[in-house]
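The following report describes how the strands of one sheet are arranged and paired.

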Amino acid sequence: MRRGFKTQAEKLALKHRSSFGVTAQDRLDPRQFLNDMGLIVWTPEEIPGMDESHVRQLTKADPDSWSGVTVREGGKTAIIVNSAHPVTRQANTLMHEWAHIELRHKPSRADRSVGGILLLSDYPAEIEDEADWLAGCILAPREGLLYHCGRGLASPEVAAHFGISEQLANWRIGKTGVLRQLGFR
Ligand SMILES: [Zn+2]
């Protein structure tokens, strides 16, 4: 990752949380946040005019093949999230896609569908790391982790509070070094 990016991402996450009206300690509702940003969030079932067989293919037949995709048409941007995944994973997927938009990442591929809808996918690996990092920052900011871990919350409780997976909570707690700072380790 670019030098200084991690710190910059924490700041950016807090700035966006604050404009949305939540602190670093609060849970962020991804859908509400994204709608507030003017973005559309759809599950495959919610895509207008989407064929039922396609919905079934995406959510039932092959639910592990994808987690989220961003589409653009006219001036509108929509994030499509895989509703077959747990909501905690959906939260991460949504904020990951948002991070690509926020950071103005250029996909290595942009396919146009028959209807002329632009599908943004396949970002370079370096850029995926940035999106993962920023998504983690906005869902569970370092400052918020410091607060909750400082009050004695363990990672499953932190995960439940922020509405994220335990895996993501562990990753964030580990990467941000909050336990070290608190003198727990
Ligand atoms: Zn990505």
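## Strand pairing in the sheet

Strand S2 (residues 68-73) and strand S5 (residues 118-121) run antiparallel and are joined by three bridges. Strands here are DSSP runs of E with at least two residues, numbered from the N terminus, and two strands pair if DSSP finds at least two bridges between them. This is a predicted model, in which local features need pLDDT of at least 70 and side-chain atom pairs count only at pLDDT 80 or more, whereas totals for chains, interfaces and linings use all residues. Residues are numbered from 1 along each chain as its sequence is written.

S2 is also joined to strand S3 (residues 76-81), by six bridges and again in antiparallel fashion. These two strands, S2 and S3, form a hairpin with two residues between them, and Gly 74 in the turn has a positive phi of about 60°. Individual partners of S2 residues are listed here.

| Residue | Partner and its strand |
|---|---|
| Arg 72 | Leu 118 in S5 |
| Val 71 | Leu 119 in S5 |
| Val 71 | Ala 78 in S3 |

Taken as a whole, the sheet is open and consists of five strands in the order S1-S3-S2-S5-S4, with mixed pairing. Because strand S1 (40-42) and strand S4 (109-112) stand at the edges with a single partner strand each, one side of each is left without a neighbour in the sheet. Neighbouring strands of this sheet are turned against each other by 25° on average, direction ignored, where the axes are lines fitted to C-alpha atoms and angles run from 0 to 180 degrees between N-to-C directions.

Notes:
Helix = DSSP H or I, 4+ residues; strand = E, 2+ residues; numbered from the N terminus.
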